Amino acid sequence: MGLIEVIKPGQLSLIHDFGRFGLSQLGLTQGGPIDDYAYSWANFLLKNPTNSAVIEITLGQAAFYIHHECMLALCGGDLQAKLDGQPVANWSRFAAKKGQLLTFSLPRNGLRAYLAVKGGFEAPEHYGSCSTVERDRLGGLHCDGKGLNAGEFIAFHQHQTIKRSRKVTFRFTPDYNLPLVLRLIESYQCDKFSPAAKSTLYESEYTVSQSSNRMGYRLEGPALEAPSDSLLSEGIALGSVQIPPDGHPIILLNDRQTLGGYPKLGCVARIDLPRLAQAKPGQKVFFTQGDREGLQKVWCKWARFFGY
Amino acid sequence: MKSFRIEPVAECSVMIQLGTKIDPKFSLHIGHIADAIRYELMDVIMNVTPSYTNILVDYLPFLMPEATILQRLESIVKRELAHPPTHPANHIEIPVYYDLSVGPDLARFSEEKGLTIEQVISLHSQHTYHVCAMGFAPGFAFLAEVPDELVMPRHATPRLSVPAGSVAIAANQTAVYPESSPGGWNVIGNCPIPLYNPTGDVISPFSIGDTVSFCPIERDEYEELGGQLWDSLK
């Protein structure tokens with residue numbers, strides 16, 4: 001058995017596989033990597049099964065000690081990773097030697113990095129998944145929903161390392177710092193919103209609010225008038241755009257509550273969510289109308305490629 | 001037979017709309033339809049989330065195209081709607097200590113409705129409720145409908161923390177908070193038994209369609225079962 005040790009977890013380092021599914025009827029959220037695109041590339045570079053456990057490192061300032069040599073992959077936000085002080089290329093696979101220290105400092109692009117190991121990290125399944133969801137007290141190394149702590153060891157199957165690195169082509173690596181244009185698939189209560197409310201959404205500039213997290217991203221900007229008739233709580237799909245009474249959109253992500261009663265305009269395209277999940281407070285966000293059929297085709301292509 | 005509507009809400013999600021208002025007696029049927037979908041389409045489905053009047057289905061469109069799943073769902077729903085469940089719902093009895101020390105909003109019912117604590121207790125505990133939806137938080141069951149006399153809007157400003165086990169009323173619904181959380185419901189008592197068990201074999205005793213009743217207990221039994229007063233919970 002190989003080990004890496006958490007020297008410091010930074011602001012938030014969480015164990016995640018693809019997520020916890022099939023229990024939403026009891027109120028259990030899906031969890032899983034909030035940037036599933038970067039997560040999938042990290043596992044892909046190591047030829048891991050799609051559902052292999054990785055570490056989601058948010059906002060950097062983390063350090064891991066390598067106790068046994070291993071092949072690692074790093075994708076997602078650029079948190080200035082260094083191996084014994086030497087920069088490690090993002091969106092790449094590389095070998096780490098016994099005794100090396102992998103460190104992350106402040107984010108230079110995006111917010112969250114995905115660290116994968118060949119064969120996946122070992123973490124107990126808790127109701128079908130090791131994904132860490134603090135609010136539900138599920139997943140993580142100790143099945144209690146807690147993030148990684150300094151001094152904890154994470155195990156993996158020992159394996160041969162190879163020198164040759166491998167990198168995701170630049171065509172497929174996003175620049176997370178660019179302004180975001182989110183494609184909205186109109187659905188749910190969209191027809192109940194006034195044309196004025198909809199044109200406000202499509203014509204305004206929004207910014208990511210400070211109070212955004214794995215549950216949802218809150219946006220600041222012109223308020224929308226929400227339909228006044230009350231709504232019974234209903235299932236919330238990933239990426240739903242809900243408008244609470246203050247009129248500021250909230251886009252619901254992986255750790256969202258399973259039911260909600262605020263009116264929703266529809267859902268942000270799945271292929272746009274990874275970039276939203278990497279957006280920093282203050283980053284600009286725009287909406288445009290999305291075409292469900294076309295977006296579905298593109299998502300299916302990626303899903304097949306990564307083997308979801 | 002009820003009419004229904006099925007429409008996609010996202011690339012990987014479809015909503016089945018089965019009505020427009022709460023119908024507690026229909027919840028068992030909704031639960032059955034959700035189970036049938038989960039069972040028959042298990043290879044292509046990620047989540048099936050039933051609620052008061054609708055069912056959200058999350059699926060993998062590259063395994064089953066949208067047009068196909070819409071047809072499959074339509075035939076399942078049609079078939080299930082024609083066959084209401086014949087066996088009785090699972091019944092769950094929840095012990096509750098109704099007291100101002102764990103249910104401060106009992107006072108609101110006397111102030112605004114002129115009901116004594118005893119009247120609130122007997123109205124709330126002599127009624128059978130249906131689990132109409134589960135969610136908001138893990139294991140949180142929305143129970144309908146409370147007797148008219150107990151209908152009470154939620155607090156305009158939610159409490160920052162409502163202790164786990166709190167039995168509460170909002171509008172025409174009642175619920176037990178399985179975990180401590182912020183909340184605006186009117187708290188009238190506390191259930192000392194844990195209702196969300198992430199480390200146990202059964203996560204939650206509730207599922208949609210179950211019937212629930214509340215059984216008043218005295219303070220000594222409440223404490224024996226592990227119940228605590230608000231002062232020590234906060």
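Domain bounds here come from an automatic or database domain assignment. With that in mind, welcome to a few close-ups of this predicted model.

**View 1. Chain A divides into two domains.** Domain 1 of chain A covers residues 2–172, and domain 2 of chain A covers residues 180–306. If you place a marker at the C-alpha centre of each of these domains of chain A, the two markers sit 27 Å apart. The model as a whole comes with an ipTM of 0.96 and a pTM of 0.95.

**View 2. Here is where domain 1 of chain A touches domain 2 of chain A.** Domain 1 of chain A brings 22 residues to this contact, while domain 2 of chain A brings 12 residues. On the domain 1 side, look for α1 (36–45), β5 (70–78) and β10 (109–117) of chain A, each of which supplies at least two residues. The most comes from α1(A), which gives 5 residues to this side. Sorted by class, the domain 1 side holds 12 polar, 6 nonpolar and 4 charged residues.

**View 3. Chain B meets chain A.** In this contact, 34 residues of chain A face 37 residues of chain B. On the chain B side you will find strands β1 (5–10), β3 (45–50), β4 (54–59) and β6 (129–134), each supplying at least two residues. Strand β3(B) has the largest share of that side, with 5 residues. What is the class make-up of the side of chain B that touches chain A? There are 23 nonpolar, 11 polar and 3 charged residues. For chain B, the mean pLDDT is 94, and 99% of its residues reach 70 or more.

**View 4. Helix α2 of chain B has a buried face.** This helix runs through residues 66–81 of chain B, 16 residues in all. At 1.5 Å a residue it should span 22 Å, and its end C-alpha atoms are indeed 22 Å apart, so expectation and model agree. Three residues of α2(B) to pick out are B:I69, B:L73 and B:V77, which are buried. Why do the buried residues of α2(B) line one face of the helix? Seen down the helix axis, they fall within an arc of 65°, so they share one face. The general rule helps here: an α-helix has 3.6 residues a turn, so residues three or four places apart point the same way.

**View 5. Helix α2(B) has neighbours on one side and exposed residues on the other.** The buried residues of α2(B) pack against β1, β2 (13–17), α1 (27–40) and β4 of chain B. Turning to the other side of α2(B), you meet the exposed residues B:A67, B:T68, B:Q71, B:S75, B:K78 and B:R79.

Methods
Residues numbered from 1 in each chain as written. Chains lettered and ligands numbered in written order. Predicted model: local features only at pLDDT ≥ 70, side-chain atom pairs only at ≥ 80, totals over all residues. Contact = placed C-beta atoms within 7 Å. Helix = DSSP H or I, 4+ residues; strand = E, 2+ residues; numbered from the N terminus. Nonpolar A, V, L, I, M, F, W, Y, C, P; charged D, E, K, R; others polar. pLDDT = per-residue confidence, 0-100. Expected span 1.5 Å × (residues − 1). Buried ≥ 20, exposed ≤ 12 C-beta atoms within 10 Å, placed from the backbone. Arc of directions from axis to C-beta.
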